[in-house]
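Work through the exercises below with the sequence and the 3D view open. Try each task before you read its solution.

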Amino acid sequence: MAAEDLVERRSIDVVPDDERHGTAFSQFTLWLGANLQITAVVTGALAVVFGGDVVWSIVGLVLGNLLGGAVMALHSAQGPKLGLPQMIQSRAQFGVKGAVVPLLLVILMYVGFFASGSVLAGQATAELTHTNDTTGIVIFAVVTAVMAAVGYRVIHALGRVASVICALAFIYLGIRLLDRVDLSDLLSDAHFDLPMFLLAVSLSASWQLAFGPYVADYSRYLPRTTSAKATFWWTLSGSALGSQWSMTFGVLVAASAGDAFLANQVGYVVGLGGTGLIASFLYFVIALGKLTINVLNTYGGFMSMVTSISGFRGQKVIGPRGRAAYIAVIMVAGTAVALLGKDSFLASFKDFLLFLLTFFTPWSAINLVDYYLISRERYDIPALFDPRGRYGAWRWDALLVYGVGLLAQLPFLVTHFYTGPLVDPLGGADISWLVGLLVPAVLYWALARRNAPESGGGPRQERGVSPTAPEAAAP
């Protein structure tokens, strides 16, 4: 393949049918590789660090990965149908300009995940390059930005490589861990505690739901004829398997190692595997796993920034220089946050995950209800780029529902800086993410149904696909 064919030309514009390629299985390898990584290990460990036992922490993480992963995979199934990046679709719900409201929060998410990934990957990169953590973070950030600039093909190639190498490394590390610990002893101390169980569910659900705003970015090049079911199941299986594998490992490490793991997550995991060449290989694996997910975050941040600005400027196509500039902004912002927070990573990471969950569950609920139940998988694609078109510039009904969805979660939210008034009656359990899915889903469905015309073409045909629109998604 020529170099010019490797570099992606598309940004937020529709992918034409003659440029579609690949199979739904590509979603499995991409999301498996993206989740077999050190931050997912730390996420699983948090369930134990904050008071959970091994058995119920693992069960809670499984439940959260499946529930959150199913929501995330429903977004993935939109990609082949529409051929569009994920957040462009939000214009159908929030308006061409109104979509900037969730988009700004999405960009914040990308910067935060870029930073958290760079902290851990920077430690591994520093060991490989025999430098310090600051230099390691900067080197890692630059490599991430370059690969994100190349685009879609290299991202999927990276996912395929990472899925194999990281899986082999985790098998090896799992064997080494089981040689050190008494698994039956860890599993015997099972004591169900509802708040801790729901914390585990929330941690893994938030991990999965955070992929929702960009998951279709990586399925939109699949042929339009790709089965939605195949896209859904391959995405769900890759993401849920990879994250649960990593998180279970994190639970066992945290339960058996305690402070030794908390003091230096990367160093402990590598030390578990061995020294010398084996240690170097494991540092490489940690950096590779984080590179896979950080490239996704950088690429998604680029897409979201372009989507936000183009809603006001009407721009569809971005040249190479513009692409590089947007990606550089994400890289610089994420690197700055990483350098500022590298010494307090673990203390703030849990609250960051739950903070993200608060803002993205209402968006997911509104997007999925609109796509699957109201518009019936049909959008007028040209109108998504026209603020004077059928979706308008601002859709205040959807923005109001989104705001209500945010506020409805506050009484049930548990973080270090805020605890809602209904948390204590529930025994300290955090169920805010469930409220954040259900309340806006029901409200949006009710409003959309009420606003539907009395006749002609089914519910909200005026917001569905135009039967004559030249670029509309096929039925």
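**Exercise 1. Describe how helix 3 and helix 12 cross, and say with which hand.**

Solution. Step 1: find the two elements. Helix 3 covers residues 38-49 and helix 12 covers residues 228-257. Helices here are DSSP runs (H or I, at least four residues), numbered from the N terminus.

Step 2: take the axes. They come within 6 Å and cross at roughly 45°. The axes are lines fitted to C-alpha atoms over the stretch in contact, and angles run from 0 to 180 degrees between N-to-C directions.

Step 3: classify the angle. Helix 3 and helix 12 are therefore oblique to each other. The scale is: under 35 degrees roughly parallel, over 145 roughly antiparallel, 65 to 115 roughly perpendicular, the rest oblique.

Step 4: assign the hand. The crossing is right-handed. That means the near helix is turned clockwise from the far one by less than a right angle; anticlockwise would be left-handed.

**Before you go on.** The model is predicted: local features need pLDDT of at least 70, side-chain atom pairs count only at pLDDT 80 or more, and totals for chains, interfaces and linings use all residues. Residues are numbered from 1 along each chain as its sequence is written, and side-chain values use heavy atoms, with hydrogens and water left out.

**Exercise 2. Locate the salt bridge partner of D17 and state what the pair ties together.**

Solution. Step 1: recall the rule. A salt bridge is a side-chain nitrogen of Lys or Arg within 4 Å of a carboxyl oxygen of Asp or Glu. The count comes to 4 salt bridges.

Step 2: name the partner. D17 pairs with R224, with the closest N and O atoms 3.0 Å apart. D17 sits in the loop between helix 1 (3-6) and helix 2 (25-35), and R224 in the loop between helix 11 (194-209) and helix 12, so the pair ties together parts that are 207 residues apart in sequence.

Step 3: check the cover. Buried means under 20% relative accessible area, exposed over 50%, and partly exposed in between (1.4 Å probe, protein chains only). D17 has 47% and is partly exposed. R224 has 28% and is partly exposed too.

**Exercise 3. Is D380, the partner of R390, buried or exposed?**

Solution. Step 1: find the pair. R390 and D380 form a salt bridge, the closest N and O atoms being 3.0 Å apart. Both lie in the loop between helix 17 and helix 18, so the bridge ties together parts 10 residues apart in sequence.

Step 2: read the areas. D380 is buried, at 8%. R390 is partly exposed, at 31%.

Step 3: look at another bridge. D397 and R395 meet at 4.0 Å, N to O. D397 is partly exposed at 22%, whereas R395 is buried at 18%.

**Exercise 4. Find where H130 and E377, each with a positive phi, are placed.**

Solution. Step 1: know the background. Most residues other than glycine have a negative phi.

Step 2: take H130. Its phi is near 55°. H130 is in the loop between helix 7 (100-129) and helix 8 (133-150). At 73%, H130 is exposed.

Step 3: take E377. Its phi is near 65°. E377 is in the loop between helix 17 (345-374) and helix 18 (396-409). At 27%, E377 is partly exposed.

Terms used:
Helices (H or I, at least four residues) and strands (E, at least two) are DSSP runs, numbered from the N terminus.
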